[in-house]
Each structure stands twice: as C-alpha cells, then as structure tokens.
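Here is a short briefing on a pair of cysteines and one aspartate. Please have a look at the sequence and the model first.

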Amino acid sequence: MIAGVETGGTKIIAAIAADETPDAIEDLIEIATTTPDDAAARLRGFLDSRGSDAPRHVGVAAFGPLDLDPLSPTFGFITATPKPGWSGTSLPDLLGPERSLSFVSDVTGAALGEGALGATAGVRDSAYVTVGTGIGVGALVARRPISEISHPELGHIAVRRHPHDRFRGVCPFHEDCAEGLASGPAIAARWGRPTRELGADLERAAELEAFYLAQLLAAVTYAYRPERIVLGGGATKIPGVLEATRGALVPEINGALGDEHPSRDPRIFIVPPLLGDLSGVHGALQLAAVSARSVAPVH
C-alpha cells in the first residue's frame with residue numbers, strides 16, 4: 001500500500017491506495033491543521049491502522065516554504081512559514097523515519113493531481129494557482145515539476161494596487177504583496193467578516209480580488225507559458241471571482257503572446273479544479289506510486 005498526505009493551511013488530508021492503482025483511494029481522513037504534534041499523532045495512527053499492510057511509501061504535498069533539496073540538512077522541513085507553530089517542522093519526523101517519503105509543495109501536488117486525473121490531464125505544460133489561507137503556485141513543464149529541489153513562491157510578488165483600495169494588507173513579510181491583498185485572510189480582514197458572509201459587498205469584493213489575481217496569473221503566464229492554469233482554493237469559490245478574474249486577465253495579457261496562445265480564450269485557459277479539494281492528495285499519491293515503482297523488484 002501507498003499513502004498520500006496533503007498538509008494545507010487549514011486542513012490536512014491523507015489517503016491510502018494500492019501501489020498498482022494510485023488513482024483509486026481506499027481510505028481517507030481529513031483533520032484540522034492544528035499543531036505539528038497533534039498532526040503527527042493522528043497521521044501516524046491513520047497510516048499504522050493497516051497493521052502489517054501499513055504504507056511504506058508516502059507522497060507528501062505540504063504548505064511551505066518547504067526545503068526540497070535532498071542535500072540540505074533540513075530536507076523535508078517547513079521553513080519560514082507564517083503558519084503559527086509550524087516553522088522548522090520536520091515532516092520526516094512528523095510522519096515517521098521508517099517511511100520512504102517524497103516531497104513537493106502543496107500546490108505542486110495539486111498540479112500533479114489535476115495533471116494525472118483532472119482539469120489538465122493530457123496537457124504538457126500547466127500551472128495550478130491556489131488562493132486560500134495563502135497564495136501558492138505550482139508549475140509543471142513536460143508534466144513534471146519545474147524543479148526537484150525548490151518550488152515557486154509567487155504569492156509574494158508585488159502587484160499594482162487598485163486605485164480605490166486603501167487596505168494595508170496582511171502579509172507578515174510584505175503587507176501588500178499578492179498574498180497580502182488577495183488571500184482568504186486578506187479578504188476577511190478588508191471587509192471585516194468571513195468570505196462566505198460578504199453580503200452587499202460581494203460584487204465589489206469579487207472585482208478587487210479579480211484585479212489582483214489577474215496580475216498574478218499574468219506573471220505566471222509570462223514566466224512559464226502554461227497551456228492551461230487551474231485556479232483553486234477557498235477564495236476562488238466566492239461567487240463571481242472566477243469569471244471576474246478571467247475578464248481581468250484579458251487586458252493584463254492584451255495579446256502579447258500572440259493570437260495562437262490559449263490565454264486569448266480565458267474560459268479555456270483559466271479553469272477550476274476537477275478534483276475539488278482532493279487535487280493535492282491525489283498528486284501526493286502519484287508521488288508515492290513513483291517511489292514504490294522505483295524500488296519494485298525486477299522479475
């Protein structure tokens with residue numbers, strides 16, 4: 001058996017599947033992202049519940065920043081994250097040193113999951129942008145992560161401010177980067193209530209969100225030239241945000257990549273995830289399957 005674990009800013013999802021059929025989840029749990037100690041106890045309990053058939057190969061898609069360099073003394077560690085209590089967390093220690101672990105960022109995991117089974121299946125170059133507790137970007141080139149020792153941190157890019165937005169921003173590092181102005185916590189802080197309770201401010205909130213997200217998506221488009229971008233995360237479920245972002249992207253690109261580039265049709269270029277909240281854990285299972293195959297005996 002193999003397992004996939006996605007650690008997100010608000011919840012952790014873990015799944016178990018057979019080595020030969022990583023697409024078919026046999027067991028799954030979802031827990032709140034509280035403390036590393038609590039997560040370790042619950043995840044180890046879930047993985048060990050199979051007894052002698054407990055998964056040895058585990059793919060991990062984790063929020064970051066994440067140290068992905070195998071030569072680093074902090075390989076598999078969460079580094080300078082704004083998530084309280086998680087900076088310096090060793091994921092190998094959290095999940096157990098007896099397991100064979102493979103790591104990617106949580107957003108790269110989602111990109112892998114959608115590329116295997118979802119909205120970008122069959123697409124060679126793609127990206128996944130998530131907008132939730134933070135903002136993250138995962139990019140695949142030739143269906144593989146752009147780097148095996150690092151990952152993008154494009155949520156922290158600078159963006160032009162909307163002329164009527166006086167909100168200071170919530171990023172602890174930069175205040176008004178993309179994440180500081182357009183993440184879920186930024187939306188809630190700007191309007192003084194949760195994103196699901198925007199009420200009369202909904203249309204205005206969607207317009208502001210689209211203004212900032214379109215700039216981020218344009219940067220992703222220029223940097224990686226993906227054929228398709230998946231836009232996911234809790235904040236993108238706010239009514240009107242997806243369509244407004246598609247519309248706002250058009251003048252950001254403004255034909256600069258030519259008539260043949262798929263960004264000319266944002267309805268096809270910017271799409272929601274087909275796997276919903278399971279994109280990341282499916283990507284983590286794909287990682288685990290690759291790891292299991294790499295050590296399979298040759299007959």
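How far is the sulfur of Cys 177 from the closest cysteine sulfur, and why is there no bond? The distance is 3.7 Å, to the sulfur of Cys 171, and that is too far for a bond.

A word on the ground rules: this is a predicted model, in which local features need pLDDT of at least 70, side-chain atom pairs count only at pLDDT 80 or more, and totals for chains, interfaces and linings use all residues. Residues are numbered from 1 along each chain as its sequence is written, and side-chain values use heavy atoms, leaving out hydrogens and water.

**Cysteines**
- A disulfide is a covalent bond between the sulfur atoms of two cysteines.
- Taking a disulfide as a pair of cysteine sulfur atoms within 2.5 Å, the count is 0.
- Cys 171 is accordingly in no disulfide.
- Cys 171 is buried at 4% relative accessibility, where buried means under 20% relative accessible area with a 1.4 Å probe and protein chains only.
- Cys 177 is buried too, with a relative accessible area of 3%.

**Asp 165**
- Asp 165 sits in the loop between β8 (144-145) and α4 (178-182); helices (H or I, at least four residues) and strands (E, at least two) are DSSP runs, numbered from the N terminus.
- At 5% relative accessibility, Asp 165 counts as buried.
- A polar atom of the Asp 165 side chain lies 3.1 Å from the backbone nitrogen of Phe 167.
- Beyond its neighbours within four places in sequence, Asp 165 is in contact (heavy atoms within 4.5 Å) with Leu 181, Arg 190, Leu 208 and Tyr 212.

Technical notes:
Buried means under 20% relative accessible area, exposed over 50%, partly exposed in between (1.4 Å probe, protein chains only). A polar contact is a pair of N or O atoms within 3.5 Å; within protein, one must be able to donate a hydrogen and the other to accept it, and residues adjacent in sequence count only if both atoms are side-chain atoms.
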